[in-house]
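Let's walk through this fold together, one question at a time. Have the structure open beside you as you read.

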Amino acid sequence: MSEHIIVSVKNLVKNYISGTETLCILQGINFDVERGSVVAVTGQSGSGKSTLLNIIGGLDRCDSGSVEVAGSEITGLSEIELSSYRQRRIGFIFQFHYLLKDFTALENVMLPAYMTGMRKKDSLEKARLLLADMKLEDRISHFPSQLSGGERQRVAVARAMVNDPDIILADEPTGNLDPRNSGMVADLLFAGAEKWGKSLIVVTHDETVACRAKIRCTLENGILGGFPLSGENALSEENALSEENALSEENALSEERAPSEERV
Ligand SMILES: Nc1ncnc2c1ncn2[C@@H]1O[C@H](COP(=O)(O)OP(=O)(O)OP(=O)(O)O)[C@@H](O)[C@H]1O
Ligand SMILES: [Mg+2]
């Protein structure tokens, strides 16, 4: 995998079994995310956006295919390895902030760094810096219950960045907010990702958030559309396209030979 690709997903397939039915959620997803790039994923409810994000983030497993993050394949990792991968390599932001209610904003942000071995003084300093980026300098000693919805989400953004992750995965980060707070969280999230040089994949239903991303794609019928491909993925897509073209040419030819009933 080339150095400038941070995430490379190949032929990713995920099915869920529901009773006697098999739900084919992801049906061969291919894409590469370049270091430092921002990608927005949209798609109808139930199209598999969270499933895709959760697999990349090591919260869920795929049925087949490959997911490489910063050059390491994650699909074969054990549960313990996945847990360390999530802590050190991924910054998650969810629709619900999941802050620890008995800890202040500062403690919520410093804890992931402290727990993974950073000195207390350094963790606190980093947390302060990130909270300042999120315009929360004067709220660092507030508990989650003493923060507004937008402020809580900004703490969650700071927390996602504290361990210097390879990639930030945000699933509906503004889904619970009014338009003003949604705009502010999106501004600070995008600015933070840029300042700290982080790649970001953001799943959203909010058009005003999606349109800020340089790369936009849509998940539909188990396939991710609109993604510019590079490296091996571009080559395999090219092959698939030329196969598709050859097939459609063949179909056109056979239609010419045998006119459809409609035309008769
Ligand atoms: N554990 C599971 N078992 C069975 N089906 C599941 C499971 N998890 C998700 N699904 C189904 O997979 C599909 C995709 O779910 P997912 O949460 O990824 O959708 P989504 O695109 O994130 O939707 P939304 O925009 O509403 O958040 C849904 O139809 C859902 O019901
Ligand atoms: Mg979802």
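The questions below go through the sheets, the ligand shell and the helix packing of this predicted model.

Q: Which strands stand at the edges of the four-stranded open sheet?
A: Happily, the strand order gives this away: the sheet runs β2-β1-β4-β5, with antiparallel pairing. A strand at either end has a single partner, so one of its sides is left without a neighbour in the sheet. The edge strands are therefore β2 and β5 (72-73).

Q: How many bridges join β1 to β2?
A: Start at the hairpin of these two strands, which has two residues between them, and where G19 takes a positive phi near 65 degrees. In the ladder itself, Y16 has L23 of β2 as its bridge partner. The two strands run antiparallel, and the number of bridges joining them is 11.

Q: What is the bridge partner of V7 in β4?
A: Here we look at the pairing of β1 with strand β4 (residues 64-69), which is antiparallel and has five bridges. Within β4, the residue that bridges to V7 is V69.

Q: Which element gives the largest share of the shell around ligand 1?
A: The shell takes in Y16, S18, L23, I25, G43, S45, G46, S47, G48, K49, S50 and T51. Elements giving two or more residues to this shell are β1 (5-18), β2 (21-34) and α1 (49-56). The largest share is three residues, and the element that supplies them is α1.

Q: How many residues of the shell around ligand 1 are polar?
A: It helps to set the other classes aside, namely three nonpolar residues and one charged residue. Serines such as S45 and glycines such as G46 are among the shell residues, and both kinds count as polar here. The polar count is eight.

Q: Which strands stand at the edges of the six-stranded open sheet?
A: This sheet has mixed pairing and the order β6-β7-β8-β3-β9-β10. Its neighbouring strands are turned by 20 degrees against each other on average, direction ignored. Each end strand has a single partner, so the edges are β6 (90-93) and β10 (223-225).

Q: Which residue of β7 stands opposite G91?
A: Let's go to the β6 end of that sheet, where β6 and strand β7 (residues 167-171) run parallel and are joined by four bridges. Opposite G91 stands I168.

Q: Is α3 parallel or oblique to α4?
A: Helix α3 (residues 105-115) packs on helix α4 (residues 120-133) with the axes 8 Å apart and an angle of about 130 degrees. Roughly antiparallel would need an angle over 145 degrees, and roughly parallel one under 35. That makes the arrangement of α3 to α4 oblique.

Q: How many nonpolar residues does the contact of α3 with α4 have?
A: The helices cross in a right-handed sense. On the α3 side, the contact includes L106, V109 and M110, while α4 contributes L124, L130 and L131 among others. One polar and three charged residues also take part, and the nonpolar count is 10.

Q: Is α5 roughly parallel or roughly perpendicular to α6?
A: The axes of helix α5 (residues 149-161) and helix α6 (residues 179-195) come within 9 Å and cross at roughly 15 degrees. Angles under 35 degrees fall in the parallel class. That makes α5, relative to α6, roughly parallel.

Definitions and conventions
Residues are numbered from 1 along each chain as its sequence is written. Chains are lettered from A and ligands numbered from 1 in the order in which they are written. This is a predicted model: local features need pLDDT of at least 70, side-chain atom pairs count only at pLDDT 80 or more; totals for chains, interfaces and linings use all residues. Axes are lines fitted to C-alpha atoms, for helices over the stretch in contact, and angles run from 0 to 180 degrees between N-to-C directions. Angles under 35 degrees count as roughly parallel, over 145 as roughly antiparallel, 65 to 115 as roughly perpendicular and the rest as oblique. A crossing is left-handed if the near helix is turned anticlockwise from the far one by less than a right angle, and right-handed if clockwise. Two residues are in contact if their C-beta atoms, placed from the backbone, lie within 7 Å. Two strands pair if DSSP finds at least two bridges between them. A residue is near a molecule or strand if its C-beta atom, placed from the backbone, lies within 6 Å of it.
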